[in-house]
There are 2 protein chains.
Amino acid sequence: MSYEFLLKDLNNNLTQKSIGTDKGLAKIGDSIVNLTYSIAKSIVLTRNSKINNSIRTGVKVSKTILANALKEANMKCFSKTRADAHDMADTVEAVVAYVWLSKKVTIEDIINILVDSLESNLTVRSEEIKNATIAFRNLLLEIIKFLPEN
Amino acid sequence: MSYEFLLKDLNNNLTQKSIGTDKGLAKIGDSIVNLTYSIAKSIVLTRNSKINNSIRTGVKVSKTILANALKEANMKCFSKTRADAHDMADTVEAVVAYVWLSKKVTIEDIINILVDSLESNLTVRSEEIKNATIAFRNLLLEIIKFLPEN
């Protein structure tokens with residue numbers, strides 16, 4: 001099934017801000033971000049497990065990580081003027097939902113991009129925050145080609 | 001990428017309870033359940049929109065709905081003994097994550113099964129709860145063939 005009809009109103013007048021400030025897309029993207037990061041983290045932890053066991057984990061990605069990823073990808077223009085961290089995190093979630101609903105990327109694609117960017121040390125919290133920020137910045141830089149130019 | 005290696009320890013000794021009581025799987029399944037239900041609900045609301053507009057929404061599926069779906073599918077045997085509603089909801093999330101990680105179903109398959117079971121009236125909360133319970137029961141009945149027999 002195509003989900004394009006869920007984007008009909010947006011696609012009628014597509015701008016960076018119409019996508020990046022859409023509250024419904026942000027809510028959908030919240031689940032996509034948490035799911036894909038949870039799998040990516042599980043994969044990296046399992047690969048690096050010294051006793052070779054499988055590690056499955058679920059994580060809620062913090063608003064700070066997503067907001068910083070948006071800034072580092074130079075994509076604040078997708079948020080509303082004077083956006084705070086919460087608004088910017090919503091923007092990341094919204095653009096991720098948009099490219100997924102448009103079938104430009106799959107859940108597996110997003111997981112692969114995140115895994116490629118996550119370094120080994122996710123067990124130290126400060127390292128995880130740094131690496132997760134880079135991973136989401138890289139995800140944004142990969143998907144920006146599917147988003148409008150202004 | 002196959003995610004089978006994330007299930008290695010489970011697959012070494014696969015039982016209904018080893019899947020249904022796995023906390024990591026439940027956390028991963030939580031995102032899958034919320035994502036797929038959000039899209040299914042958006043699809044049904046958009047299709048039924050009288051003014052023909054797109055409706056995108058994000059929902060956190062309640063523990064009660066998932067626990068009742070497990071009971072109605074006669075799958076309490078996947079939960080621990082004397083499981084409460086929270087444990088049973090976790091079991092639904094865990095088995096959904098298991099079949100998805102095993103590549104037996106895709107996110108799109110789950111959305112399609114939920115959409116097929118959701119009736120038109122999701123705007124009245126009590127109707128939505130009833131329909132969502134049926135939808136998740138039907139999902140469980142579809143995926144039980146991919147789960148161990150005891």
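By what turn, and with what RMSD, can chain B be laid on chain A? In this predicted model, a turn of 180 degrees with a shift of 0.0 Å along the axis places chain B on chain A, and the RMSD is 0.0 Å. The two copies are therefore related as by a two-fold rotation axis. Within chain B, the C-alpha nearest that axis belongs to B:Ser31, at 2.6 Å from it.

**Contact between the chains**

Chain B gives 30 residues to the contact, and chain A gives 30 residues. On the side of chain B that touches chain A, three elements of chain B give two or more residues: helix H1 (8-12), helix H3 (23-47) and helix H6 (107-117). The largest share of this side comes from H3(B), with 14 residues. The table divides the residues of this side of chain B by character.

| Character of residue | Side of chain B that touches chain A |
|---|---|
| Nonpolar | twelve residues |
| Polar | eleven residues |
| Charged | seven residues |

Of the interface residues of chain B, 100% are also interface residues in chain A, so the copies meet through the same surface.

**Nonpolar core**

The largest nonpolar core holds 97 residues. Those with the most contacts inside this core are A:Leu66, A:Val92, B:Leu66 and B:Val92. Which residues does A:Val92 touch, leaving aside residues up to four places away in sequence? On that basis, A:Val92 touches A:Leu66, A:Ala69 and A:Leu70, together with A:Phe136 and A:Leu140.

Notes:
Residues are numbered from 1 along each chain as its sequence is written. Chains are lettered from A and ligands numbered from 1 in the order in which they are written. This is a predicted model: local features need pLDDT of at least 70, side-chain atom pairs count only at pLDDT 80 or more; totals for chains, interfaces and linings use all residues. A nonpolar core is a set of buried Ala, Val, Leu, Ile, Met, Phe, Trp, Tyr and Cys residues joined through C-beta atoms within 7 Å. A residue is buried if 20 or more other C-beta atoms lie within 10 Å of its own, exposed if 12 or fewer, and partly exposed in between; C-beta atoms are placed from the backbone. Two residues are in contact if their C-beta atoms, placed from the backbone, lie within 7 Å. Helices (H or I, at least four residues) and strands (E, at least two) are DSSP runs, numbered from the N terminus. Ala, Val, Leu, Ile, Met, Phe, Trp, Tyr, Cys and Pro count as nonpolar, Asp, Glu, Lys and Arg as charged, and the others, Gly among them, as polar. Copies are superposed by least squares on the C-alpha atoms of residues with pLDDT of at least 70 in both.
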